[in-house]
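User: I have a new structure open here and I would like to talk it through with you. Could you take me around it?

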Amino acid sequence: MQNAAYWIRPAWRRPRMFTKIVRIVKLSMLLLTAAFLQVQATGLSQSVTLSGNNLEVKKVFATIRQQTGYVVFYRKGLLADAKPISVAVHDMPLTEFLDLVLKNQPFTYLILDRTISLSRKPEPSVITRPAPSVDTTAPKPQLFPLIGRVLDENGNPLIGASVMIKNTATSVMTRDGGLFDLKVRPGQTVIISYVGYSPQQVRLTADNIESLNKAFVVRLQPGNSDLDQVQVLAHGTTSKRLNPGDVTTITSEQIAMNPVANVMQAVQGNAPGLFIQQTTGQPGGAFNLNVRGAANLTSGLIAPLVIVDGIRYPAGTLPTNSYSQLSTEAFLGGGSGLNYINPNDIERIDILKDADATAIYGSSGAYGVILITTKKAKAGQATLDVNVYEGVSIKGEMPKLLNTPEYVGLRAEAIKNDGLTIGKGDLDVNGTWPTNRYTDWRKIYLGAEANTENANISYGGGNRNTTYRINGSYQSIGDIQLHKGIDVNGGLGFSLTTRTEDNKLELDFAGSYLASKNTMIPYDFSSGSTEDAPNAPGPFNASGTINWNTDDPNLTQVANNLYRIEDNVTNNLIANGTLVYKPIPSVTLRAIIGYNDMTSKEWTELPTTTFAPTSTSAAASTQSIFNNYDMRSLTAAPYAEYDKTLWRKNDLSVKVGGELDEQTTYQYNIRGTGFPSDALLNDPAAGATIVNTYSETPFRDLGFYGIVKDVWDQKYILDLNGRRDGSTKFAPGDRWGNFGSIGAAWIFTQENWVKGHLPWLSFGKLRGSDGIVGGDAIAAYQYLSIYDALTGTYDGKIGLTPTGLTNPNLKWEQNKDKEIGIELGFFKYRIFTQASYYHNVVSNQLVGRPVSSVTGFSSLTLNSDAVIRNTGWEFILNTRNIVSRNFTWTTRFNISIPANKLLKLPTLANQNTNFILGKPVTGLKLYKYAGVDSATGYMSYTNAKGVTYDYPKLPAMGQADETQWVNTAPKFYGGVTNSFTYKQFSLDVQFSFIDRVGKNWLAQSNTAFGYFDFNGSTQWLNRWQKPGDKTSVPKVSTNVFTDLLSLGTFQNSNGAYTSATYARLQNLSFRYNFSKEMLRKMHLKGCMLYLQGQNLLTISKYGGLDPENLNASVIPPLRTFTGGINLSL
Amino acid sequence: MKKIFNQYFSTRMLAVCALLLPAMGCNKFLDQPLPSGEITQANAYVSDNSISAVVTGNFMNMVNEGFFNGGDNDLGMYADEIQYYNPGSPTSVLFLYYLNELVVNDANFWTPMYNQIYGVNAALAGIQGATATLYYKNQWLGESYFNRAVVYFYLTNLYGPVPMALTTDYAVTNVLSRAPQTQVYQQVVSDLQQARSLLNYSYTNAYGGTTGDRVRPDRYSATAMLAKVYLYEQQWDSAEIMADSVIANTSTYALQPLSSVFTANGKETIWSIEIPVTNTTAPQQYLNYIGSMPTPIPAGKTPNNYSVFCLMDTALVNTFEPGDGRLTTWVHKDSITGSPGSTFYSPYKYNTLSTTAQLPIVLRLGELYLIRAEARAEQGNIAGAQSDLNAVRTRAGLPNTTAADQASLLAAIMHERRVELFTENGNRFFDLKRWGTIDSVMTTYDAIKGSGAKWSDYKQLLPLPSNDLQQDANLTQNTGYSVQ
């Protein structure tokens, strides 16, 4: 620990440090690259090549020993009735080879630590089951004690590995030294498994139990971590190997590489089919999430359901303060509930995509499901784990602004273009403001280096009956904006698992609490900061206070936000308990109860200091807003599971259960205006005028389901899901809907004909699913006519008002989802690849159909007869390019290619003029932009008649002139990660990429360039200057009016959209793991030092704008550099 | 197979299912409560109290959005009362002033006004269908008819022929075509006549009791509104009679000194509206023009420094006769010395941040005098018209009118309306249209505006929102506007 303290203290706060770090990282990369080239793959072969007819068994074993070094042991005389072997294999893995050659022999094998021991196969007659009801007197087979040890591939003990007896409730965890003990019967099979390792099965016979007890050592080999990792599904887990559905898993190791505040940033680019867009770089901001283009005709892309530890979680926007210019909601894009879970506390994220995986969530799962599992107790020696990192964030990608000479030159040109002369009011060019003065206003407003700190500490361990884990976290995130705000949060959590000695009863409890305090002022300076002239005196005095008498009119209204006061305290409680009861070995009864409570108290204050001191109405305009919300979610999910191996080869599992959700959102808002003193602003109720609003929104959901899963001989998998859902969104008669899915998979590499002929094919699975999922993504009670209480009073009376048009005939939406996929592993999983194709058709979609406002409202909710189809391809390619003792290089690549098509136009009304039959619903119809006229410098457009006009002469454009069509949805997106390890060093380099279009900088400019005191992007340097100039930037002009009109038309034309395709170095993580020797000297279990960077480099042609959030007036995603240490002791 | 089934499913699994069964009859669980603050329609028409809340809600909607939410400012800018002021102005201001276009949202008035009509139609059906004993049914019905008449009056004056939605059934209202303006006026008159017969002779509050507040209409409010409607319909005799009956009630109504004309619930007020404390803290008429601007404006500053984007039109300022008290009392003047030196005028009828000291007036006695003056002049009653005109002039501190024949008297009334009713509820814009002078006035005004402003005759009517034209094939756009 003493030593470690030295490592914790890199001087991150010193600004130059991180350029140094970047240099170090670059250098290290160079060195590593050089190292790659020198290292060759080596390794001991564990495969066998042999061909011959009628070979003697002994000779075959000799060959095995020769080629693999594995020794074969057997009892004397065992080989007496062995049959001769005919075989022709090339480079076949040892176990497969043994399976093949011993298939028809009267004995079976067990591999233990480089030793293959043979034993006689049990006689079929011995295991004939006595009928229990009749013959109760039959003696039960004797119980033998079994003591063993589980080791990893290097011979280190594995603590916490699971050892279970197949088809029974008996299971234990390995303790210190990897030891375990069990009581077993002959004929039983023991399964030994550990995350990241291939599970091993050992069949126990009367013969081998005795010998095993002398030295039962199981050495687990690293599995194909992709295939054998656990996948969390609705109410249960499986491995990817045996899953017929489409689930993508993100592990805590992947998350740990990303120094981020919202875990979705770490998932970005790693999960095919899940599109993630960060809407603002501001800490606490919102993320747009979408699974496979799930879209609604009227409300656009729909976010997936997010479940944290079994509880429905508020992952969408939060009911933050939304009052006009003081709105936190607008600033953060509504925020995100996931900001209140520390990413370091997350064990895994499973993204459920197809009907087979999601059907069980019924209506709520129609748009995809994201399951988040937090870190839980694990058995083993008590371990303290500490992870600390610290770093800085700076502003990301933004277009460059004009400097003073450029600005002054262009302003003068604008005045000249309009035939005007520089006037008294043109302070920036008439000499009033010095033309040699230059201020980068953006640097002043957005140039801060925000400190980020994160510390996690956990302590856990336990024995076979009880395991525990406690953890604490601290996180502090600074602001790049000009004020003193900071976002600090701290969390505590515990997890406890205990079970009775007979394993019949198990109790799991887990809880976490996070408290966050955010004092960042909810005002985005990124658009305001671009507006001031670079030679403007600015709104500040030398002391940094606001100079209200400046002759610079623009910025006092921006700068005054510095004096606002903000205090947002959010607390998040997640608690869940699971009760498991196994009355008989094959039946499990489980009840899961989860509770989530997120509360926020936010004070937003506008003191007199935000107004000019001369303003007579300053005191009367002071405001204080208190916004309080409380979102509670309770989930109860009892279910029963029947799990049995039938006819020896058939694993059958049947689940029946129900799920009940209750969510309530409370919001209370007090807005006071006109305070006698700024000191009273902390009490919004002390204002001269007070407006109170209160809301309580309940939500209930109820569903019942049944799941049948059958795995035949680890080869054929069939999965049936059925669900009956009730929803309050429909009238009583239409409330219940039945949904279901079927999923099937065939692991064809388990077939002998594949095993024998395609030895290079390690794994092959074909899978498919088909199902119907309901949807009810509309507000509740639309089938009833509702009156709403209005805010405020009129002549002392509260008013009531009807809320909308009523449609009593609403029905469930139908989502028909189909998918087929193939998963292939080659050359002992050196290459693993996966391809999926999905075909989702949405019909009967619940939409707000636009109606004429003469009806009183703008839309009517109904089941649209439009049909939308989402199809797409998703590919994963993971390769282990180089694997050797000291050096490994692996690559993980994924890409999603979504497509959307409107198969049937809504007939009831022209829903949206942008809809075209056969085209994506995400498209826009636009005017045809004809570029900047090289003769006049004006933007020009081509109308429906094909005639091109300069803007000033352009006749009024109508719908018919929208001849162009642009699809705004991404064409493809994905990511590629290269991981390198060299001895104790490892390096991960992750790129993410998206191909799409976005509104370009010109279309996003608030104003065209040319007016007094408004700066612009350096792209204005390419403006049209004289007849004959060919450029895409129009001439500069001081004519506000014409420019505004022109820009308005431009924004509705295809000229406003350009490619926002980008590739981004999303994450770079460089780690150093201490060697075992060093750890031993330091008396540590583990120690890792790391440097990480987030959003380091963006390659795009999007004109300097950030191609992810696509918004020029919002802080782009930040660039973050951190360094840290992870210690285990 | 059967054996296994029997063994495991029939006995044990059924037992498990039995455990779950109590949860299966959970239909009741799905009857979740409504969100707070919401009630079903059935609960909205059960008593005088709840019906009063619905009727009050309709007044609140009328005030919160649509014509009475900044319509006077918009139309002042559209016509020749308010001047765009600064490059920093919002885009909508620029378009409104220069091009007479409601660019930002062409549904600014139309959409919220039809929403208000829906509310009134629902209330009328609900009250008439209510089964409970109602003690103030006439008041609720009368107020609702009045409300609907006011909305349709402004709607038809803004858009010309408009669809007559008299039901809440969207199957009917979503396919309506535009009714001729005469039919709209017929409905307005019929609603106001109904209101006149149903409402009390004195102001009543939301509980049916008498009150000093003048924010809910009484029988005189309906009568005054009728006078205005008849004037617009050029039914001079009816307009005169209606105006007569209001002016004659001298115990309730009397011309007030200039400084207290807009005082809340004063004797000048026939019907004012109240701003529910939700979005604004003062009458919009104050916030639009003066807002947080200090008096005087410090040197080197302009109104734009205080987010004031429009000022009173110079031509309007110049049209006041010398000695007109309204120019000193109802207009705010701010002179700035230094560079650039200038004088700014702003409407100042509403001059306080207080929400209760002044209430936005829709119908006031001064206007009734001018209505009667015009109706009398049109009928050749010179002396009567002069007397009404002089009543208004005397209050403004001006001598009696010198106009003695019908033509000059009408011209004098037109002038008087301009300086008396400036920036009040679009009176100027509607008057220019009524008198047929709008084209000449606005064409002349184009030259003052500059920057390519060009008035066209078709702009007398506003464009229908493009969305509605798409959704309802029976609707047609006003001439001159592109069919989007």
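**A first walk through the model**

User: Let's start with chain A, where do its contacts mostly come from?

Analyst: This is a predicted model, and in chain A, among contacts with a separation of 6 or more, 70% are between residues 24 or more positions apart.

User: And how many helices and strands does chain A have?

Analyst: Chain A has 19 helices and 56 strands, and of its 1129 residues, 57% are buried.

User: What about the outside, how much accessible surface is there?

Analyst: The accessible surface of chain A is about 45,500 Å², and carbon and sulfur atoms account for 56% of that. One nonpolar patch on the surface, of about 450 Å², is formed by Y459(A), I470(A), F494(A), L496(A) and F509(A).

User: Where does F494(A) sit, and is F494(A) buried or exposed?

Analyst: F494(A) belongs to strand β27, which covers residues 487-499 of chain A. With a relative accessible area of 42%, F494(A) falls in between and counts as partly exposed, because the buried class is under 20% and the exposed class is over 50%.

User: Now the inside: which residues touch the most other members of the largest nonpolar core?

Analyst: That core has 224 residues, and the ones touching the most other members are Y152(B), W271(B) and L368(B). Helix α7 of chain B, residues 137-159, contributes the most to this core, with 13 residues. As general background, nonpolar side chains in soluble globular proteins tend to be buried together.

User: What is Y152(B) in contact with?

Analyst: Setting aside neighbours within four places in sequence, Y152(B) is in contact with Y114(B), I117(B), V162(B), P163(B), M164(B), A165(B), V184(B) and V188(B). Apart from that core there is another one, of 32 residues, which includes I250(A), L289(A), A315(A) and M631(A).

User: Switching topic, how much area do chain A and chain B bury between them?

Analyst: The two chains bury about 7,900 Å² between them, with 63% of it on carbon and sulfur atoms, and 94 residues of chain A are in contact with 94 residues of chain B. On the side of chain A, Y787(A), Y794(A) and K797(A) lose the most area to chain B, and together they make up 11% of what that side buries.

User: How many salt bridges cross that interface?

Analyst: The rule finds zero salt bridges across the interface of chain A and chain B, although a search of the whole structure finds 56 over all chains.

User: Which residue does K517(A) meet in a salt bridge?

Analyst: The side chain of K517(A) meets that of D567(A), at 3.1 Å from N to O. This pair links distant parts of the chain, since D567(A) is in strand β29 (residues 565-584) and K517(A) is in strand β28 (residues 505-518), 50 residues apart. K517(A) itself is partly exposed, at 41% relative accessibility.

User: And in chain B, which residue pairs with R418(B)?

Analyst: R418(B) forms a salt bridge with D80(B), at 3.3 Å from N to O. R418(B) lies in helix α17 (residues 406-420) of chain B, while D80(B) lies in the loop between α4 (71-78) and β2 (82-84), 338 residues apart.

User: Are those two residues buried or exposed?

Analyst: R418(B) counts as buried at 14% relative accessibility, and D80(B) counts as buried at 4%. Chain B also has a network in which salt bridges share partners, and its members include E268(B), R326(B), K349(B) and E424(B).

How values were computed. Residues numbered from 1 in each chain as written. Chains lettered and ligands numbered in written order. Predicted model: local features only at pLDDT ≥ 70, side-chain atom pairs only at ≥ 80, totals over all residues. Heavy atoms only, no water. Helix = DSSP H or I, 4+ residues; strand = E, 2+ residues; numbered from the N terminus. Buried < 20%, exposed > 50% of the residue type's maximum accessible area, 1.4 Å probe, protein only. Contact = heavy atoms within 4.5 Å. Areas by Shrake-Rupley, 256 points an atom, 1.4 Å probe, with all protein chains shown as cover. Patch = residues over 30% accessible without salt bridge, like charges linked within 9 Å, V, L, I, M, F, W, Y side chains within 5 Å. Salt bridge = Lys/Arg side-chain N within 4 Å of Asp/Glu carboxyl O. Core = buried A, V, L, I, M, F, W, Y, C linked by side-chain atoms within 4.5 Å. Buried area = accessible area lost by both parts, 1.4 Å probe.
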